[in-house]
Amino acid sequence: MNILNMFLLQAPQQQSSWSGILMIVLLFVIFWLFFIRPQNKRAKEQQKFRESLQKGDKIVTIGGIHGKVDEVREHTVVVSVDHNTKIEFEKSAIIPNASQVGGAA
């Protein structure tokens, strides 16, 4: 017999349906607290950061390109990466780095 079968044989045969429902609710609450809530909070912070971009801000793209914002448009940002080199990125490609979001990246 494997370990799972031994455990199941030792488990009480009659369980209340309420304990099963309570366990499912408890698992959902834990999942929400540790996974869903922090991810939503991080997404809101990133959106707020992207909306507050201004000319002259130093940024990093999701591809790792560092530069300075030269122009902010409705859905894009023109980034100066060298003296005469400018690249246009979608705002969604800009990520806040640790120094811009209070130490949390």
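Modeller: Buried means under 20% relative accessible area, exposed means over 50%, and partly exposed lies in between (1.4 Å probe, protein chains only). The model is predicted, so local features need pLDDT of at least 70 and side-chain atom pairs count only at pLDDT 80 or more, while totals for chains, interfaces and linings use all residues. Residues are numbered from 1 along each chain as its sequence is written, and side-chain values use heavy atoms, with hydrogens and water left out.

Colleague: How many bridges join strand S1 to strand S2?

Modeller: Helices (H or I, at least four residues) and strands (E, at least two) are DSSP runs, numbered from the N terminus. Two strands pair if DSSP finds at least two bridges between them. S1 covers residues 58-61 and S2 residues 66-72. They run antiparallel, and the number of bridges joining them is three.

Colleague: Which residue in the turn of the S1 and S2 hairpin has a positive phi?

Modeller: Within the paired strands, isoleucine 59 stands opposite glycine 67 in S2. The hairpin leaves four residues between S1 and S2. The residue in the turn with a positive phi, about 90°, is glycine 64.

Colleague: Which residue in S3 stands opposite valine 72?

Modeller: S2 and strand S3 (residues 76-80) run antiparallel and are joined by four bridges. These two strands form a hairpin with three residues between them. Opposite valine 72 in S3 stands valine 77.

Colleague: What is the N to O distance where the side chains of lysine 86 and aspartate 70 meet?

Modeller: A salt bridge is a side-chain nitrogen of Lys or Arg within 4 Å of a carboxyl oxygen of Asp or Glu. The structure holds three of them. Lysine 86 and aspartate 70 form one, with an N to O distance of 2.9 Å.

Colleague: How many residues apart in sequence are the parts that this pair ties together?

Modeller: The side chains of lysine 86 and aspartate 70 meet in a salt bridge. Lysine 86 lies in strand S4 and aspartate 70 in strand S2, so the separation in sequence of the parts tied together, in residues, is 16.

Colleague: Is lysine 86 buried or exposed?

Modeller: Its partner aspartate 70 counts as partly exposed, at 22% relative accessibility. Lysine 86 has 53% relative accessibility, so this residue counts as exposed.

Colleague: Which residues do salt bridges with shared partners join into one network?

Modeller: Arginine 73 forms a salt bridge with glutamate 71, the closest N and O atoms being 3.1 Å apart. Arginine 73 also forms a salt bridge with glutamate 88, at 3.0 Å between the closest N and O atoms. This second pair links arginine 73, in the loop between S2 and S3, to glutamate 88 in strand S4, 15 residues apart. Through shared partners, the residues joined into one network are Glu71, Arg73 and Glu88.

Colleague: Which side chain of opposite charge is nearest to lysine 91?

Modeller: Lysine 91 is in the loop between strand S4 (86-90) and strand S5 (94-95). In the count of charges, Lys and Arg are positive and Asp and Glu negative, while His and the chain ends are not counted. Lysine 91 is buried yet has no salt bridge. The nearest side chain of opposite charge, 7.8 Å away, belongs to glutamate 51.

Colleague: Which residues does lysine 91 touch, not counting those up to four places away in sequence?

Modeller: Contact means heavy atoms within 4.5 Å. With residues up to four places away in sequence left out, lysine 91 touches Arg50, Val72, Arg73, Glu74, His75, Thr76 and Val77.
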